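Me: I have a model open on my screen and would like to understand the words used to describe it. Could you take me through them?

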Amino acid sequence: MKNIVILISGRGSNMQAIVDANIAGARIAAVISNRPDAAGLAWAAERGIATAALDHKTFASREDFDAALAQLIDSHQPDLVVLAGFMRILSAGFTRRYEGRMLNVHPSLLPAFTGLNTHQRALEMGCKVAGCTVHFVTAELDHGPIVAQGVVEVLDSDDADTLAERVLKLEHQLYPAAVRRFVAGELNIVAGKTSSRASVAGSLMAPAP
């Protein structure tokens with residue numbers, strides 16, 4: 001059984017999708033937030049999952065917060081750490097600690113549009129497709145080895161909100177599938193890239209709305 005710790009900052013819709021997926025061989029050991037009022041904490045607690053809040057505002061530095069967060073995570077003996085809308089830039093020391101066993105989902109087709117405001121930037125660039133990327137976390141923001149990507153068509157009628165809504169639905173499919181592959185031991189990092197022993201490709205194309 002693989003222990004999974006999920007980090008959130010808000011309602012944690014991707015956390016909910018992973019929990020609801022009931023992944024064989026996986027146990028959601030804890031859900032932790034850097035915001036005590038994160039709605040996802042109550043959702044997890046209602047389902048009997050251990051929860052904790054560690055307010056980053058009470059720490060003098062990013063490194064101090066990360067050290068306390070790592071200690072809390074490690075108390076649950078995680079095999080995998082999952083970032084599910086965790087709105088914190090993590091220090092290099094923290095990412096090294098969980099290298100090869102920490103995943104994130106980003107709402108763009110990396111390496112395009114790292115950082116914030118991804119959907120608006122995609123629209124401004126006239127992109128014909130957009131999507132999301134599940135990747136291993138490294139010290140360089142949104143640049144870790146890619147595990148899986150999902151694609152949606154950009155519609156002429158789209159604004160940032162409608163595009164974000166469709167991409168988020170895709171995340172809810174792609175992220176649990178990627179976690180399932182990790183738990184099954186199907187993912188390896190070779191020469192900075194993710195290789196998979198699974199026969200199923202790590203990609204998803206959403207149907208046209």
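What follows is a short talk about the domains, the interface and the charged pairs of this structure.

Reply: Happy to help! Keep in mind as we go that this is a predicted model.

Me: Thanks! What makes this chain a two-part story, and where are the bounds of domain 1 and domain 2?

Reply: The domain assignment splits the chain into domain 1, residues 1–97, and domain 2, residues 104–208. Their C-alpha centres lie 20 Å apart. In the contact, 20 residues come from domain 1 and 15 residues from domain 2.

Me: How do you know how much area domain 1 and domain 2 bury between them?

Reply: The size of an interface is often given as the accessible area lost when the parts come together. Here domain 1 and domain 2 bury about 1500 Å², with 72% of it on carbon and sulfur atoms. On the domain 1 side, Asn14, Ile23 and Leu83 supply 33% of the area buried against domain 2, more than any other three residues.

Me: How many salt bridges and how many residue pairs in polar contact does the rule find across the interface?

Reply: For salt bridges the rule finds zero across the interface of domain 1 and domain 2. It does find three residue pairs in polar contact there. On the side of domain 1 that touches domain 2, strand E1, helix H1, strand E4 and helix H4 each give two or more residues. The largest share, four residues, comes from H1. By class, that side has 13 nonpolar, four polar and three charged residues.

Me: Let's look at Asn14. Why is Asn14 called buried?

Reply: Asn14, found in helix H1, has 5% relative accessibility. Buried means under 20%, so Asn14 earns the word.

Me: And what makes the pairing of the side chains of Asn14 and Glu171 a polar contact?

Reply: The two side chains come to 2.8 Å. The cut-off for such N or O pairs is within 3.5 Å, so the distance passes. Beyond its neighbours within four places in sequence, Asn14 is in contact with several residues, including Val105, Leu168 and Tyr175.

Me: Now the charges. Why is the pair Asp74 and Arg97 called a salt bridge?

Reply: Side chains of opposite charge can pair when their charged atoms come close. For Asp74 and Arg97 the N to O distance is 2.6 Å. The limit is within 4 Å, so the pair counts as a salt bridge. Asp74 lies in helix H3 and Arg97 in helix H4, so the pair ties together parts that are 23 residues apart in sequence.

Me: How do you know whether Glu46 and Arg47 are buried or exposed?

Reply: Glu46 has a relative accessible area of 64%, and exposed means over 50%, so Glu46 is exposed. Arg47 stands at 43%, between the 20% and 50% cut-offs, and therefore counts as partly exposed. These two also form a salt bridge, with their closest N and O atoms 3.5 Å apart.

Me: Which residue forms a salt bridge with Asp158?

Reply: That is Arg166, and the closest N and O atoms are 2.8 Å apart. Both Asp158 and Arg166 are buried. By this rule the count comes to three salt bridges.

Me: One more: why is Arg96 called exposed?

Reply: Arg96, placed in helix H4, has a relative accessible area of 57%. Exposed means over 50%, so the word fits Arg96. The C-alpha atoms of Arg96 and Thr138 are separated by 7.2 Å, although these residues are 42 residues apart along the chain.

Key:
Residues are numbered from 1 along each chain as its sequence is written. This is a predicted model: local features need pLDDT of at least 70, side-chain atom pairs count only at pLDDT 80 or more; totals for chains, interfaces and linings use all residues. Side-chain values use heavy atoms; hydrogens and water are left out. Domain bounds come from an automatic or database domain assignment. Contact means heavy atoms within 4.5 Å. Buried area is the accessible area (1.4 Å probe) that two parts lose on being put together, summed over both. A salt bridge is a side-chain nitrogen of Lys or Arg within 4 Å of a carboxyl oxygen of Asp or Glu. A polar contact is a pair of N or O atoms within 3.5 Å; within protein, one must be able to donate a hydrogen and the other to accept it, and residues adjacent in sequence count only if both atoms are side-chain atoms. Ala, Val, Leu, Ile, Met, Phe, Trp, Tyr, Cys and Pro count as nonpolar, Asp, Glu, Lys and Arg as charged, and the others, Gly among them, as polar. Buried means under 20% relative accessible area, exposed over 50%, partly exposed in between (1.4 Å probe, protein chains only).
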